[in-house]
Every structure is written in structure tokens, then in C-alpha cells.
Amino acid sequence: MRKIYVIFALSATSIAFSQAKIVEKVEPAFWWKGMKNPELQILVYGKGVANNEITLSDGIQIKDIQKVENPNYVFITVNTNEISVPKFQINIKKGNKALGSYTYELKQRNSGSADRESFTSKDVMYLIMPDRFANGDEKNDSTPDLTEKADRNLPNGRHGGDLKGMINNLDYIQNLGATSVWLTPVNEDNEKVYSYHGYAQTDLYKIDSRYGTNEDYKTLSQQLNKRNMKLVMDYVTNHWGVSHWMIKDLPTKDWIHWFKEGENGFTRSNYKTSTQFDPNASDIDKKLALDGWFDKTMPDINQKNPLVLKYLTQNAIWWIEYAELGGFRVDTYPYNDKEAMAKWAKAITDEYPKFNIVGETWLYTAGQISAWQKNSKTGEAAGYNSNLPSVMDFMLFGDMPNAFKEKQDWNKGIIKLYDSFSSDFLYPDINNVMVFFENHDTERWNEIFNADPNAYKMGLTLISTVRGIPQIYYGSEIGMRGDKQKGGDADIRRDFPGGWKSDKQNAFNPSEQTPQQKEFFQFTQKLLNWRKGKDVIHTGKTKNFVPKDDVFTYFRYNDKESVMVIINNNIKDQTLDLKYFEESLKGFTKGKEVISGKELSLQKNITIPAKTPFIIELEK
């Protein structure tokens, strides 16, 4: 990190031009004609490149050229609507001497690109940590260009999972019933150790070669699209890796947040992002939350810098267009400058009106979480509109474990679910909220409940039938566990059995699954595939009934159909008097339970076995 200081101490005259290639990097490497926003900012990087004359071929006009304190960078702005040729030259010269050039290409967009569909409440999102899912190409487990090598014996090391491993197992994901796939970051992460999670990215335009290539990533997306499925990129705006090539040679001093009193500029965030909307928050607490680093290897990016914001915006659009993406999940959303992120989200959704972006809004109340959703009234009360289409329901996530572990009382047990849903009025678009009971950062649900299939069935039933977009985490559908408290993050990110040739068992193959794995898998498969065709679940209205005797009952309904969901969390069978639900059962005399296929009479009472969910399609 000391290089950050050194580069600004260098004078322009001390920089040599002896290298053979004056242009070392151009980002984005190419672009497209026909974008709604025709303005393109091209970053040109090379030793002392700013000390030279820069021109474009074919009479193309440079609208703006911005040089910064680091002479190794130049930012060139052009209007792509004014460029009539598919390729042009960026020429670097000093006097009459040509020092180098770069051929820049403007590609044609795919038909209908701007109107691409994105993930919605019709989808079920399957979250994968790529290094731990499946190894489809053992040749790229370790690569000479990247520091950390594969060692499956190290819990926090690289294990070799890759893009081809995922492509090879798309049948499994599709048959399970998932319709979109969210991968934790697969861009290059060239940190020395603990790089498998991908959140300390070192090149935002390049897929990590241990996962494959940019083309492999595009192929995965295209293969999903052919199946009417979508690829969701995990996008990180808040921080980069300390080994990122731009961090090693900063364009400007304020590209990152730098703390003079900290070691190499590092001061840890206090992680209190509730300060973003707290009208009484102290300046120091707010600064530490937003400008403090997430970790020592993750310098905090300054989105207030217009060059940074433009870079992040164009990079996001580049990946959408190039890889034919179906959505973003954005990491650590409230840690960013919120005004800059509102511009970022608007620029993307202006270009792609149907494109969905879900932010990781890890807060604990509906009031705080809902403030981050586009057109939120709670956000408006603070004078803010995020332009962010979707948020993650961390309040429901936080309430779910105790809701199913505790015996119902005034404010304990399953009543917590009812109380959580009673705050739905705060969200401007409640159907576009992500619901989940675990992810790659949390304790595994099956660990909390000791791999009890009944607890899993109740939890999955809940997130699959309430409002919003359900997200499941790889492996839970076969009962995978992991103890975050004892084993750390590595234990909740175990390798999927069968993803490696040396594995003794292949759980991707239903015929090789153990009886316990089959019970988890078959329930998940039946529920999620049923959900696919149910508009009443995707966009229907909800009617909740206050839980009684550890039983939570709610209805999803529209003009065409109605579904009754009963979750019995009691340790004993419960008989429900159906008169209590008359307002929602009026006109219905029978129903069919989705999982078992049993026909049920709705004339008087219904008995629900202990620790069991019922999903009943109502019939007249």
C-alpha cells in the first residue's frame, strides 16, 4: 500500500517512456452502439500516458479529456451517437512521434437488450458459492497468473469449483425448481489467501481464471437463458481488494477512503449503517460506518468521486450487456454513499427498465430496510429516494429461527412471523422483496435445527408461499449443515458432495442421495416446481390470521384462485376450527394439499400433524 504514497510524489518528468507498450489497459475494452445514454468514458492507462497528446481516428471528436494527479491515467469522453464507424483508433503521440494506439470497437447490441427480463417474485433464486459447488475443469484449479493455489485440505483455501462445474449441473438446478442463479463474485480476486469468496476483487472486467474465462461466464448465462432461467451477478460497489491494479496505482488520492491515523490507510468500519438515516447520528459515527474499510484487504471505495461513480456505473452496464445478465445482487449496500448509489441504480434502470437490483440491506427493522427501496415513504421522510428496486428482508430472516424454536407466547415463537409481516405496509413494492432463512454469511438453517427435515419443510414453505422472492442456499435442499460459530465461514460453505471426481458420493444424482437427502430434496423439488406456475403466490394478496397454539395460517388469493397455508409448529397435532377462517374460506368446500396430493374436506375441522406445513389449493 505504500505505493499509494509514492506515486503522487513522482514528478511527471521523472517518468520514463522506455516501455514498448504505452497503452497498458483500456477500460471498458469495448462498448455498444445504441445505448440510451450515448456518453462513454474510456479509461486509458499506461506509464505517463497523460503527458502526451491523445487523438481519435476517423475525425471523431473528444468531448472531454480528464487528466488527474496520477499521469498514468487519462479519462476520455465521447458521444457514441456521433461515431459512425465500428472501430476507431485511440492514438498516443509526443510531438511527431507515435507512441502507441488502441483499436476501440463499438459492437451492435443484441435485439431487445434494453427490454431484457429480470428476476421477479415469479422466481426462486438459488445461491451458489462457485468455489464450493462443482469442479468442471481441474486444469484451472491453480493458474500461474494468480497467487493462491488450490488446496482442498484448507477449509479457507481454494477448492477448485468453477463455471464449467455449474454449467455441468444446470439440469440439477432446473429440476430442483430454481429459476435464477446468484453466484457470489467470480471476478478476479488475487489476494494471497482467503480469496475464494471473491469479495476482494482485483479486476472488475475479468473473470477469475480459476473459475474460467469471460466467455465461460457468458456461456453460463446463455445456457440459463435458454432454460428460461437467469444469471444474477453479485456486484460489489463498496470495496475492492487491496491487490487491485488500480489500488496499487491510484488514479486520484480520493479514489478510496484513506485514514491518516490507520495502518496503510486502514480504519475498520463500525458497521453501524443505521447512521445513514439517523437524524441524530454523530458525524464521526457516520464517517466510520460509510468510509471505514470492511476489512484490511478491502479498501473502501469513494463513490462521491465522479470518476469512480462513472467507472462503477459503466462496469455494471458492461457486464449486463456482455454477459446477458438477468439481475444484480449488490453487496453491503448501505455502506456506500447513498446519494451516489441512487445515481448508480437510476443509470442502470434507465438503460434497462425491467432490470432488477436487490441490495444487501442488512438492518433489523422494516422501517430501516424499507427506506432503501425505490419510492419508499420512509426514505422520502428522510429526503431520499434510492432508486433501488429490491431489498432483502433481514427482519424476517432474523425472526425466523426463534419463531420456530420458541413456544408461542405474547411476543415469542411463531407470533414473530405475524408481527414481521404486519410491517409490510412500509414497503412500496412488497412483492419485490427477497425472503430467505440463510445465505453464505449466516448460520445454516439445518445446523440451527439439527438437520430436522420438519423444520426445513416449515421454513421453506414459509419463504416459498409468502410475498416476495424466495432465495435458497446451495446444499440445504439435501440437508447440508455447517457450524459458523465453531467452524467459521468455511463450515457454512462446504463443498457440495459430488462436485469433485474424487467425491465418494454424488448428491447431484437423485439415485445416489441418502434417504435423508432424498427427503429434503424431494420436498424442495415438489414445492418449488409447484410454485413456478402459481400467479397467486407470485403477485396475489395476503390475509394473515394471528397464530394460535403455535399454528400460523394465512391465505394467498387473487380473482382466480386461493391458497391456504397452515404451518403447525406445535409439537402435537392440532385441529383447527375452520369457522374461524370463514372470511377466506367462504364458497370453498374442499381443497387439495400440494405436497401429499390428498383431498381435504373444508366443511368443519382440519387436523394438521405436529411440526408440519400444509399448502392447500382451495376448490369450490
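1. A residue is called buried when its relative accessible area is under 20%, and by that cut-off four of the five residues of strand 12, which spans residues 203–207, are buried, so the strand is largely enclosed by the rest of the structure. The model is a predicted one, and the points below should be read as a description of that model.

2. Strand 12 has a partner in strand 11, which consists of residues 187–188: the two run antiparallel and are joined by two bridges. Within this pairing, E188 of strand 11 is the residue that stands opposite D203 in strand 12.

3. Turning to enclosed space, the count comes to two cavities of 30 Å³ or more, and the largest of them has a volume of about 70 Å³. It is lined by 13 residues, of which N187, Q201, M233, D234 and Y235 are the closest to its centre. Strand 13, covering residues 230–235, gives the most to this lining, with three residues. Sorted by class, the lining of the largest cavity holds eight nonpolar residues, four polar ones and one charged one.

4. The second largest cavity has a volume of about 40 Å³, and its lining is made by E27, P28, Q41, L43, F75, Y205, Y311 and Q314. The elements that give two or more residues to this lining are strand 3 (39–45) and helix 7 (306–323). By class, five of the lining residues of the second largest cavity are nonpolar, two are polar and one is charged. Y205, one of the residues of this lining, also falls within the residue range 203–207 of strand 12.

5. Helix 7 also carries E321, a residue that deserves a separate remark. Is E321 buried or exposed? At 4% relative accessibility E321 counts as buried, because the cut-off for that term is under 20%. The side chain of E321 makes a polar contact, at 2.8 Å, with the side chain of S113. Leaving aside residues up to four places away in sequence, E321 touches W32, M35, R109, N110, S113, R116 and Y352, so that S113 appears both in this set of neighbours and as the partner in the polar contact.

6. As for open space, the largest pocket holds about 1000 Å³. Its lining comprises 39 residues, and those closest to its centre are H239, Y271, F294, D295 and M298. The lining of the largest pocket divides by class into 15 nonpolar, twelve polar and twelve charged residues.

7. The second largest pocket contains about 320 Å³ of space and is lined by 19 residues, of which P306, L309, K310, T313 and A347 are the closest to its centre. Helix 7 and helix 8, the latter spanning residues 338–351, each supply at least two residues of this lining. Which element provides the largest share of the lining of the second largest pocket? That share comes from helix 7, with six residues. The classes in the lining of the second largest pocket are seven nonpolar, five polar and seven charged residues.

8. Helix 7 therefore recurs in several of these points, and a reader inspecting the model may wish to follow it through them: helix 7 gives two or more residues to the lining of the second largest cavity, helix 7 supplies six residues to the lining of the second largest pocket, and helix 7 contains E321, which is buried at 4% relative accessibility.

Technical notes. Residues are numbered from 1 along each chain as its sequence is written. This is a predicted model: local features need pLDDT of at least 70, side-chain atom pairs count only at pLDDT 80 or more; totals for chains, interfaces and linings use all residues. Side-chain values use heavy atoms; hydrogens and water are left out. Buried means under 20% relative accessible area, exposed over 50%, partly exposed in between (1.4 Å probe, protein chains only). Two strands pair if DSSP finds at least two bridges between them. On a 1 Å grid over the protein atoms alone, a cavity is a set of points where a 1.4 Å probe fits but cannot get out, and a pocket is an open set with protein on both sides within 12 Å along at least five of seven lines; lining residues have an atom within 4 Å of a point. Grid points are joined across faces, edges and corners, and a volume is the space filled by probe spheres set on the points. Ala, Val, Leu, Ile, Met, Phe, Trp, Tyr, Cys and Pro count as nonpolar, Asp, Glu, Lys and Arg as charged, and the others, Gly among them, as polar. A polar contact is a pair of N or O atoms within 3.5 Å; within protein, one must be able to donate a hydrogen and the other to accept it, and residues adjacent in sequence count only if both atoms are side-chain atoms. Contact means heavy atoms within 4.5 Å.
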